[in-house]
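Thanks for sharing this one. Here are a few notes to read alongside the coordinates, beginning with a strand pair and working outwards.

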Amino acid sequence: MLELKNVSVTYGTIRALRGVDLVAQPGQITAVLGANGAGKSSLLRAIAGIAPVSDGDVLYRNASLKPRPAHQRARMGISLAMEGRRLFRHMSVEENLLLAWSFGPRHSPFTDAVQAVYDAFPILGDRRSIKAGMLLGGQQQMLILSSVTIREPDLMLLDEPSLGLAPIIVSQIFDFITAYSKARGTAVVLAEQMAVMALRVAHWGYVLRGGQVVMHGASDELVKADIVNKLSAAYL
Amino acid sequence: MIFAAQLVFAGICVGAVYALIALGLNLTFWATRTMNFAQGSLMMLCAVIAVGVLSGGFNIYLGLFAGLALTGIIAAATEAIAIRPIAHLTGSMGWVVTTLGVGIFLQGFVSKFFGSQALAFPSFLFSARDYVSVFGIRLSAQYMIILAIAVLLVLLFELFLKRTAWGRALQAVAADQDLAAVMGIPVRVVVTLSFIASGVLAGVAGVLVAQITGTVDAAFGFNLLISGFVAAVIGGMGSTWGALLGGIFLGIMEKLVGGYISTAAEQGIAFALLMVMLAVRPEGLLGEKEFVKV
Amino acid sequence: MDVSWRSRAILTTIAASTIAAAIANATPANAQTVKIGATGALTGPYNEFGEGVRRGALLAVERWNAKGGVIGRQIELTLALDDQLVPDRAVQNLRRILDTPDIDVIIGPGGSGPTLAVIDMATVDGRPYCNPQAQTPSILYPDGLDKPARKNVISTAIQNDVEATALGNYVSSRFKKIGLMHESTGYGVSGIQLLAARIEQLTKTKPVAIEAFNQRAQDMTAQISRVQRADADVLVVIGLGADMAVIRRNMLRLGFDVPLITSGGGISLPYKEGAGELAVGTRATMVGTYGPGQALKGMAKELADGYSAKFGKDRWWGDDPASPQLFFATTVGAGFDCANMLLEGVRRAGSTDKAKVVAALNALTGYEVANGTANFSPQEHKLLTPEQIAVFEYFKDDKGQVALRIAKQ
Amino acid sequence: MNTFRRLMGRVLGQSLLALAIVVALWFGAGLTDRGTVQLLSFLMLNILLAQSINLLTGIAGQISLGHAGFFAVGAYVAGVLTKTHGVAVPLAMVIAIAASALIGWLLAIPAGRVREIYLAMMTTGFGLLCFEIAKEWSVTGGVVGLSGIASPTLRSLQVFGWMVDTVDLFRVMLVATAIVLVLMRNFVQSHHGRSFFAVQASEIAAGSIGIARGQVKRRAYAISGAMAGLAGALYAHLVGYLGPDSFTITRSVEVLVMAIVGGMGTIIGPILGAALFTWLPERLQIFAEYQFMVYGLILMLIFLVMRRGIAGAITEPTRFIAPRAMKRRPDDAGKPVTLQAESNAPQNRPALLEVHDLGRNFAGLVALDGVSLALRPGQITALIGPNGSGKSTLVNVVSGIYDPSRGRIVLGGDDIGGEADHAIARRGLIRTFQDPRLVPCFTVRENILLGGQRHFRSSMLAAALHFPSTLREEIAMVRRAEYVMELAGLGAVADQPIESLPYGYRRLVEVGRAIMADPVVVLLDEPAAGLSEAELGRLAAMIRYLRDAGKAVLLIEHHMDFVNDIVDDVVVLDSGREIYRGHMQGMRANPAVRAAYLGVSQDCHA
């Protein structure tokens, strides 16, 4: 589905990502773990086409994404949820969703699609006409996530969906992601700092540090191998 | 009473035209954070082309179409050759020079090939004599139609922004280009389209003003551009309703000042108002404060 | 910082000498010819005026040269500089002209702004100077109309007071409540003051309203409503044609359908075309030279024929192939007359010595040019007097076309 | 090309060349015709105007589209005083300059509140307002204008009985312009000039090193106004007639175009731009009625040819340190420069910065929730925590960028809660930013020197006149900067513009700038992010240097190895609260910390 070959990302003169290889399978969740500054975001942005790939190649359905600008990749079913509460704050919840849907593949009519979102996250339904900027942190994360799912993507790139959220909401969100990807066979790349929680839901795990993959493997194996301490070594 | 009503009415109509110009400026501001100083010349050009086609023995509406098409194209070209290439030179202010250059070029072009003396612009929307009278107040048909067209366009535009995918895409691009891109919005196309739209709006405004004045010449449009700026800023850059409100507010203000205080003070007061407005409320009447993150 | 002292010194001297050399450029020219210097709006938004003057002057020069020149010398229009009606550039141009020693006579810029900016320079310099178009009286009479004129300055312009007198005489005898409007320029302001004074002097009553407007304003509702509220039975406007058209249309929008009587601007094509049908009934003052329906004769004919022969019937000529538009008199005509009078001055002085020529011009009488006959004296330096100003009126001719005719007195 | 630029830079940089040009013009004016002299006089005016707008827009970053306004004020004040009130010309000129300076200062008050396009509109409005006043007011002669002002062209300009002719006036203008240029160069190459640039680059960053942005803006407007006023006064006497047509928005735009095309932010640029656009109209006359189109095309395409204006194309950018200050005298070469060190500080010394129960909310959500800290001299405290745990908010509140919602901030005994950021910085609390905020066009040296702002004492006048005291001050600071650069291992790139250097250098430079400030307390916001191993080493050395000098250091960092090596103790935040305080080992073992980072909740064990 998705394959990164020795990808490096360079902003001006900093190399945020150094020769990363990564594979993501349909219907499975691939967790990218690491402290902040480890290069998780750069990785996802590189796949989405808004980060300058200085080296290596990103293959999607066995075709190179090099010649594709970001908006074309989005049309091809790749959808990125950026971190940092990136959404259109001056637009209402529903307008955000509508915008996301309008420029997606539009497999199902908006009314159904948006209903699906509101079923998954009733709170969004209640606040559909509130400006996104006015939402609480958790609700914003839900909206960002929904702006991705409403596009019914084949490849979901989620950047720290748990950021600054209470554990209860986090697990709620993670459960949703798992169910969604199972149901639709969507490939998910999940950039997370909350390693343990992420590995609970993920099938595969990659640990980044200083822009490089320091370990990777099936999540259960990672967990078996007393990941937590290894990770805390990697993080702390 | 009649006197005041006449002033207000005229103010509203003239203000509506200001609003159109302001709207055009808003568009380019959203798309590129720049102001197109050629906007005034585009207004002029559209009217002149219409006259030219007419004098060529063709139908006026054909002329208008030609004019609008041309202004749209030129606006897009302006973005491509005068703004995009230097966009990355932040703080260089280059766009002031380049867009101004476009404007001056167009002025020179027209005064060379159409002469520098005012050209007659035909009345194709009623004649100055036609009017309807409401409660004994005489409302010029030409002004009514101009007001109608201007307001209609503003409304249509607001609808376009709020109701259509491309309208929302435009807002998205204005707010956050990266996010817009990952949402699948072709940013470049949106920018170009918004310039075309701004050109067309300028063209329409030019034609409407030419309807009022009856003539158009090479220097036509620049002082209107200023009024457009003022209207846009008073209303709040980037707000459609603001543009309309700001335009009409400015128009009425000018006329009332002219009518009751002194016709000489009209302009001066408008500019003083602009400065006060900016000092007190930089984001304008309906503008939204931009949140600056540290 | 590490350039050696010697190389610095060399550098310094080289730079110094080159620059000195570069800017020290004396312009040699043969003193055989009588030379005219001129500045005007040859290009840009106002070249309707300047370019016309230049062509007129050119025609005059050719006319004289054809007759063997003046005081045995050929004549050339050596410097014809472009100021685009921008005061600063007019100043720079005139400076250049005044500092070219072998320029004998000067034709100044058009428009009051540039002329006011340069006229004092010209006075101080003392060489014969002709003002083709600027209408502000202080150009000829800095100390007031009753004081003597600037010695070396003559004018072919319709001076404000002349226009005001003509307008004043016409309206005072016909209307009671007179409303005035003027463009807020030097021309408009001084013009309206003189007109108001004239009206008051003749009717013993003040005008009921005086309103100002900016050139190129799109809407004059405020001004016109004020005049309307003052219940005027006539509106007299001093300004340009395009603005007149706006005013005329605006009047009718407001249902203020009183007669419109205007300064020369009302005659121009922009007004005629801009107002279209609505122009009918409008009256305006203008030099009568190329008035409709009268057979051209004398210098006026000579000029018209010469022009159409050399330049064809272009936008200066106007839309009637039969005879030039009235405005022809104040553009091409002005340049033509300026050059002729200046050269006649040289002829009568028998030399190009500025004192002699100026003296000759101050005594230049009975000399016929296109727009009239110069009868100068130390007090009188302007060609056009109220007598040469006629009132014209737009009417619908039998073909249903809007046309001009002399208004019945 | 670059070698050419360097050569030109060297040549044009020659003060002797400048002198040569002035001398040549002085004598050349005598030899040539007065038409050319007149043109040269207008050139001087344009240079003054272009430099005036350059100072305001190019250097202080405050775009002006209303310079015709200042020009008009100067011209009319001079004109009215001399003609109507018979004031002596020199006195009138001084008053004119003062008047337009005052107007500038006043304009700065509203204009200081707005940015970019809004500022452009504000200044446009100002220019047009001045025009309208000139047009309608009787004192200015209204539309008819003001004629007969004492002027050489009228042979009526007398100063102390000396009849000034066109050439004399030109020479006066020449000298005036030369003096203004010299003063301006000195000013730009002083800490005042650098503070202008700092405000342009980033008002926040300027505040963080103790520059009061409001004051800087007012000064910029006043000086710029004064320069334009001088031009106006000279103009009045050059032409002898003032009409409103000379002060339209077109004039404002022309001036701005001159400066931009010439090259904003440089000294030579506006001069070249003025020269170009003074001669261009004459040259363009050969294009006859096409000249408008040609002029338009030139403006349209100039930046495709020269991206940074003429100056950028033909010479190297101006530098912002007085060259004389760079020539170090041999005797004190190599002497180490040390900061005033509170020598090896015992742990029990009283805290330099104390934060009590600090809280901050943004529109409902709580970013900081009752955090307390004490930073002691000679101690490095690490502040860590997952994203969004409130670390940066803490720094922003303490450094005065945000006001606290509750709690107290005590620096060296006094409560600084709610004080302006620049005031706090002047007290010696210096912070760095996650994204280094430097002046891009400045060299490493200049950027580091900026840190010294809070120590400079010399006045603007002293700076412009280049007093010895100013020079001494500058030399001392330059030498301290040298020392800081050695410390940071930046000596090799000292004279390279920061924008041309790799990212890592910027971080080091920003920390260097903080050291240069000789602070009391330093807050470093993720200084290690994106640094190579080698750079990390240097960074560590710099931070240790601060500690040894007895400064209190707060270090926000994710790079744990780095933190591990240098900090004394660590505070961990999570969602705005402190969850751990103590040494590193303890932190690693601490379950709450693990949970915060890894999402292990206490109940379950992975």
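1. Let me start in chain A, where strand S3 (residues 29-33) and strand S8 (residues 187-192) pair in the parallel sense over five bridges. Strands and helices here are DSSP runs numbered from the N terminus, with at least two residues (E) for a strand and at least four (H or I) for a helix; two strands pair if DSSP finds at least two bridges between them. Within this pair, A:Val32 stands opposite A:Ala191 of S8(A).

2. A word on conventions: this is a predicted model, in which local features need pLDDT of at least 70 and side-chain atom pairs count only at pLDDT 80 or more, while totals for chains, interfaces and linings use all residues. Residues are numbered from 1 along each chain as its sequence is written, and chains are lettered from A and ligands numbered from 1 in the order in which they are written.

3. The S3/S8 pair belongs to an open, mixed sheet of six strands in chain A, ordered S6-S7-S8-S3-S9-S10. Strands S6 (78-81) and S10 (212-218) of chain A are at the edges with a single partner strand each, so one side of each has no neighbour in the sheet. On average, neighbouring strands of this sheet are turned by 15° against each other, direction ignored.

4. Two helices of chain A are worth a look here. Helix H6 (residues 137-149) packs on the sheet and touches S6 and strand S7 (155-159), its direction making about 175° with that of S6(A). Helix H7 (residues 167-184) of chain A also packs on the sheet, touching S3, S7 and S8, at about 140° to the direction of S3(A). Axes are lines fitted to C-alpha atoms, for helices over the stretch in contact, and angles run from 0 to 180 degrees between N-to-C directions; contact means C-beta atoms, placed from the backbone, within 7 Å.

5. Turning to chain C, there are twelve helices and 14 strands. Its C-alpha trace spans about 85 × 60 × 45 Å along the principal axes. Chain C averages a pLDDT (the predictor's confidence in each residue, from 0 to 100) of 87, and 92% of the residues score at least 70. Please treat residues 25-30 of chain C separately: pLDDT stays under 50 there.

6. Finally, C:Pro148 lies in the loop between strands S4 (129-131) and S5 (153-155) of chain C. Its C-alpha atom is separated by 6.2 Å from that of C:Pro378, 230 residues apart along the chain. Beyond neighbours within four places in sequence, C:Pro148 is in contact with C:Pro378 and C:Gln379.
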